[in-house]
Amino acid sequence: MDVFLANEQPVPIDEARLSALARHVLDSEKVDDEAELSILVIDGEHMRKLNSRFAKNDYATDVLAFPMLEGDEDSTMVGDVVLCPDVAKSNAEKLDHSLDRELEVLVVHGTLHLLGYDHKVASEKERMDKRVSEVLDEFNRDAKRAN
């Protein structure tokens, strides 16, 4: 599995860990080994423009997901996850955890969106939230074993 991460904003992030986490999500969801995923990390203004253009919301958001597998059985490109540390930082402060933790949640959340998870209704939200927690717990357990 290939994960490409482009960091186009100034906030320091752990690019290697976020890439490894995205690979872990794909692996835990049994996605084909040939799969490709892109993660783009951008500033608030760029995110506002993307959110306005694609979701018709004229404000910056923490994560957007752009699936690419829909309707194309031969494609190996899962899609793009776009993260905004500017927004994630304020979310992390509200939730009383670190920016790193919030970005990890967003990588898993965005990747799961690409794989068909959603949260439009309560049962879907519960399923998705549970899966985010499970994947993060697995990843952190594996990381501890590796050290």
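**Close-up views of a predicted model**

**View 1. The open sheet and its strand order.** In this predicted model, four strands form an open sheet in the order β1-β2-β4-β3, with mixed pairing; strands are DSSP runs of E with at least two residues, helices are runs of H or I with at least four residues, both numbered from the N terminus, and two strands pair if DSSP finds at least two bridges between them. The edge strands, each pairing on one side only, are β1 (2-7) and β3 (63-67). On average, and with direction ignored, neighbouring strands of this sheet are turned by 15 degrees against each other; axes here are lines fitted to C-alpha atoms, for helices over the stretch in contact, and angles run from 0 to 180 degrees between N-to-C directions.

**View 2. Strand β4 and its two partners.** Five bridges pair β3 with β4 (residues 77-83) in the antiparallel sense, and among the bridge partners in β4 are Gly79 for Pro67 and Leu83 for Val63. β2 and β4 run parallel and are joined by six bridges, with Met77 of β4 as the bridge partner of Glu36. Six of the seven residues of β4 are buried, where buried means under 20% relative accessible area, exposed over 50% and partly exposed in between, with a 1.4 Å probe and protein chains only.

**View 3. Helices α1 and α4.** The axes of α1 and α4 (residues 99-114) come within 10 Å and cross at roughly 35 degrees. The crossing is right-handed, a term used when the near helix is turned clockwise from the far one by less than a right angle, and left-handed if anticlockwise. From α1 the contact (heavy atoms within 4.5 Å) is made by residues including Leu18, Leu21 and Val25, and from α4 by residues including Leu103, Val107 and Leu112.

**View 4. The whole chain.** The protein chain holds five helices and four strands, which follow one another from the N terminus as β-α-β-α-β-β-α-α-α. Along its principal axes the C-alpha trace spans about 40 × 35 × 35 Å. Buried residues make up 39% of the 147 residues.

**Notes on numbering and values.** Residues are numbered from 1 along each chain as its sequence is written, and side-chain values use heavy atoms, with hydrogens and water left out. Local features need pLDDT of at least 70 and side-chain atom pairs count only at pLDDT 80 or more, whereas totals for chains, interfaces and linings use all residues.
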